[in-house]
Amino acid sequence: MKATKKKTKKETETLSNKKPETLVDKKGIRLDGRKLDELRPVKMEVGVLPNADGSAYLEQGRNKVLVGVYGPKEAHPRHIAQQDRAVIQCRYHMAPFSVDERKSPAPSRRDIELSKVIREALEPAVFLEYYPKTSIQVYIEILQADGGTRCAGITTAALALADAGIPMRDLVVACAAGKADGKIALDLMDTEDKIGEADVPVAYMPNLEAITLLQMDGNLSPEEFEKAINMAVEGCKQLYAKQKEALKSKYVVEEVEEE
Ligand code: ADP
């Protein structure tokens, strides 16, 4: 039988429903060992689904997200078509096995709301006017959820749109910052999101330096809010570097020097 790594006390508290006493220790270290301004470990890959026109996979901490894109193709049903541009049809969906307690596979109110805000976060980046009367379908599947999945969904969807060869003004990358134990912290995981005081998800177009999604859950002072946005944008910039790496590793063939 495969030996399993013994979990540390902190990991056990994080993974179980037991409420930890503190989220940030005296040295400013969080339950998973991160500093306040540190992202979770991230892995991204594009072109993972050969049957879709574009696809991407992302892991961010315990989050696992898969996105498939189809289109642009003739819009169905016809009444959703716009004469002067393409429409994005976006579906954010949490798999029943993505959380501790089985989630109903039917779309929840939260799934529907997140589908809308994610679509709105992606739209400014796509040259929709190039493809009138068509639709671009974006299917976001949350395979495993641990806080910040709307942001992880946006980051992955932008990669899948680029992989589908859809012309874009910029990539879109998203990250949240929030407040845990009175301190502003980057990229909250589920426990920090649930027990912490606030969460501020931000989606950002890094070259245009424009924010396409800004939400806030909880309470922050104006100073804390500004600090959280700035921290989230810095997180977005780090994630953008990873997005570029993922695209390059599929599309840029290293030049071999001739002897
Ligand atoms: P986000 O994932 O963008 O942070 P929320 O703040 O709504 O969005 O959710 C935070 C986290 O709560 C999710 O990432 C997930 O880990 C957890 N969660 C959401 N819905 C459910 C559910 N139905 N059952 C259990 N956990 C859930």
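These questions and answers look at how the terms used for this predicted model are earned.

Q: What makes the model's numbers and features readable, and where does numbering start?
A: Residues are numbered from 1 along each chain, as its sequence is written. The model is predicted, so local features need pLDDT of at least 70 and side-chain atom pairs count only at pLDDT 80 or more, while totals for chains, interfaces and linings use all residues.

Q: Why is valine 202 called buried?
A: A residue is buried if 20 or more other C-beta atoms lie within 10 Å of its own, exposed if 12 or fewer, and partly exposed in between; the C-beta atoms are placed from the backbone. Valine 202 has 26 other C-beta atoms within 10 Å, so valine 202 is buried. Valine 202 lies in strand β8.

Q: Why is glutamate 209 called exposed?
A: Glutamate 209 has 9 other C-beta atoms within 10 Å, so it counts as exposed. Glutamate 209 sits in the loop between β8 (198-205) and β9 (210-214).

Q: What makes aspartate 181 partly exposed?
A: Aspartate 181 has 17 C-beta neighbours inside 10 Å, so it counts as partly exposed. Aspartate 181 is in the loop between β6 (173-180) and β7 (183-186).

Q: What makes the phi of aspartate 181 and of glutamate 209 worth pointing out?
A: Most residues other than glycine have a negative phi, and most peptide bonds are trans. Aspartate 181 has a positive phi near 50° and is not a glycine. Glutamate 209 also has a positive phi, of about 50°, and is not a glycine.

Q: Which peptide bonds before proline 72 and proline 77 are named, and what is omega?
A: Glycine 71 and proline 72 are joined by a cis bond, with omega about 0°. Proline 72 lies in strand β3. The bond from histidine 76 to proline 77 is cis too, with omega near -10°. Proline 77 is in the loop between β3 and β4.

Q: How do you know that β1 and β2 pair?
A: Helices (H or I, at least four residues) and strands (E, at least two) are DSSP runs, numbered from the N terminus. Two strands pair if DSSP finds at least two bridges between them. β1 and β2 (residues 54-60) have five bridges, in the antiparallel sense. One of the bridges joins glutamate 45 to tyrosine 57 of β2. Methionine 44 has leucine 58 of β2 as its bridge partner.

Q: What pairs β2 with β3?
A: These two strands are antiparallel over seven bridges. Alanine 56 has valine 67 of β3 as its bridge partner. The hairpin of β2 and β3 has two residues between the strands, and glycine 61 there takes a positive phi near 60°.

Q: What makes β1 and β4 edge strands?
A: The open sheet has five strands in the order β1-β2-β3-β5-β4, with mixed pairing. β1 (42-46) and β4 (87-94) each pair on one side only.

Q: Why is β2 called largely enclosed?
A: Six of its seven residues are buried, so β2 is largely enclosed by the rest of the structure.

Q: How do you know that valine 172 is in contact with Ala158?
A: Two residues are in contact if their C-beta atoms, placed from the backbone, lie within 7 Å. Leaving aside neighbours within four places in sequence, the contacts of valine 172 include Ala158, Leu122, Ile154 and Met205.

Q: What makes a set of residues a nonpolar core, and how many residues has the largest?
A: A nonpolar core is a set of buried Ala, Val, Leu, Ile, Met, Phe, Trp, Tyr and Cys residues joined through C-beta atoms within 7 Å. The largest has 71 residues, and Val172 is among those with the most contacts inside it. α3 gives the most to this core, with nine residues.

Q: Which residues surround the ligand most closely, and what are their classes across the shell?
A: A residue is near a molecule if its C-beta atom, placed from the backbone, lies within 6 Å of it. The shell has 13 residues, and the closest are Val99, Ala145, Thr149, Arg150 and Asp190. Ala, Val, Leu, Ile, Met, Phe, Trp, Tyr, Cys and Pro count as nonpolar, Asp, Glu, Lys and Arg as charged, and the others, Gly among them, as polar. By that rule the shell has three nonpolar, three polar and seven charged residues.
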